[in-house]
Amino acid sequence: MADIIKTIPRCSDELLEQYQGQASATVHEAMGRRGALDPAIKPLDRSMRLAGRAFTVKCHTGDNLMLIKAISMAQKGDVIVADMGNAVANGPFGEVLAVECVTKGLAGLIFNCAVRDSREIIELGLPVFSAQICISGTAKATLGTINHPISCGGVIVSPGDIIVADADGVVAVPLDEAPSVLQAANARTEKEAAVMKRLRAGESLFDIYGYQKVLDSLNCTEEK
């Protein structure tokens, strides 16, 4: 198989648009509490959020050659999801590459390592999620892969999967599950809205969900 795969599965623009604004936690819960990347991976700024198609790249530790190639290939609305190897304290991405990403209209980037030029990236308005911030540079000399399944943040991500990320974290939705997960996420959002309406009216979450039955099943005793 080729190191670099150019053609990847892509969901419809309509489906992707419906994922815009979805909360990462809601999608994670709707998917059976699956798909959440390592919580160490957080946005450079809490206001950052994204939803887009995964464009995957795997680089050798301390090398960003394949990342540069992947960015040159990615299309508008894609999310670069990068496995940058085992060393978290590397900064393979900074302002220069961020300018290219913004110009191309990429939805954002997800890294299991550090990035640098964080202030400049924030000012550009590019959603970037990383495990750390670090000034250490990288080489450009070693092969990796592009658009193969990768492991990022402890989750297998395949090209074309839908990535949803916000201040709470990052979740990857397998492409073949995307329609059903979206339906479940919307249903969960509607249900929570109804519950919050009842809470504002003075009810208790404990009573609404009938948690007394759980305590009773655990033989919980209360002071008389």
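Me: What makes the pairing of Arg-33 with Glu-29 a salt bridge?

Reply: The closest N and O atoms of Arg-33 and Glu-29 are 3.0 Å apart, and a salt bridge is defined as a side-chain nitrogen of Lys or Arg within 4 Å of a carboxyl oxygen of Asp or Glu. Because 3.0 Å falls within that limit, the pair earns the name.

Me: What kind of model is this, and which pLDDT limits apply?

Reply: This is a predicted model, in which local features need pLDDT of at least 70 and side-chain atom pairs count only at pLDDT 80 or more, while totals for chains, interfaces and linings use all residues. Residues are numbered from 1 along each chain as its sequence is written, and side-chain values use heavy atoms, with hydrogens and water left out.

Me: Why does Arg-33 count as exposed?

Reply: The relative accessibility of Arg-33 is 63%, and the scale calls a residue buried under 20% relative accessible area, exposed over 50% and partly exposed in between, using a 1.4 Å probe and the protein chains only. Since 63% is over 50%, Arg-33 is exposed. Its partner Glu-29, at 28%, falls in between and is therefore partly exposed.

Me: Where is Arg-33 found, and what is noteworthy about its phi?

Reply: Arg-33 sits in the loop between helix H2 (24-30) and strand E1 (42-43), where helices (H or I, at least four residues) and strands (E, at least two) are DSSP runs numbered from the N terminus. Its phi is positive, about 60 degrees, although Arg-33 is not a glycine. Asn-219 likewise has a positive phi of about 60 degrees without being a glycine; Asn-219 lies in the segment after helix H8 (212-217) and, with a relative accessible area of 66%, is exposed.

Me: How many salt bridges are there by this rule?

Reply: The count comes to eight. One of them joins the side chains of Glu-203 and Arg-198, with 2.8 Å from N to O; Glu-203 has a relative accessible area of 37% and is partly exposed, and Arg-198 is also partly exposed, at 37%.

Me: How do you know that Arg-188 and Glu-192 are about one turn of the helix apart?

Reply: Both residues lie in helix H6 (residues 178-200), and they are four residues apart. An α-helix has 3.6 residues a turn, so residues three or four places apart point the same way. The side chains of Arg-188 and Glu-192 meet in a salt bridge, at 3.4 Å from N to O, and both are partly exposed, Arg-188 at 30% and Glu-192 at 29%.

Me: Which residues of helix H3 are buried, and why are they said to be on the same side?

Reply: In helix H3 (residues 65-73) the buried residues are Met-66, Leu-67, Ala-70, Ile-71 and Met-73. They cover an arc of only 160 degrees around the axis, which puts them on the same side of H3; the arc is that of the directions from the helix axis to the C-beta atoms. Their cover includes strand E2 (50-58), strand E3 (78-83), helix H4 (95-104), strand E4 (108-111) and strand E8 (145-146).

Me: Why does Cys-101 count as buried, and which residues does Cys-101 touch?

Reply: The relative accessibility of Cys-101 is 0%, and because this is under 20% the residue is called buried. Cys-101, placed in helix H4, touches Ile-71, Phe-93, Leu-106, Leu-109 and Leu-126, not counting residues up to four places away in sequence, where contact means heavy atoms within 4.5 Å. Cys-101 and Leu-126 are 25 residues apart in sequence, and their C-alpha atoms are 7.9 Å apart in space.

Me: Is Lys-6 buried or exposed?

Reply: Lys-6 has a relative accessible area of 70%, and since that is over 50% the residue is exposed. Lys-6 lies in the segment before helix H1 (13-19), and from its C-alpha to that of Pro-43, which is 37 residues apart from Lys-6 in sequence, the distance is 28 Å.

Me: How many helices and strands does the protein have, and what share of its residues counts as buried?

Reply: The secondary structure comes to eight helices and 12 strands. Of the 224 residues, 44% count as buried, and the C-alpha trace spans about 70 × 35 × 35 Å along its principal axes. Among contacts between residues at least 6 apart in sequence, 75% join residues at least 24 apart.
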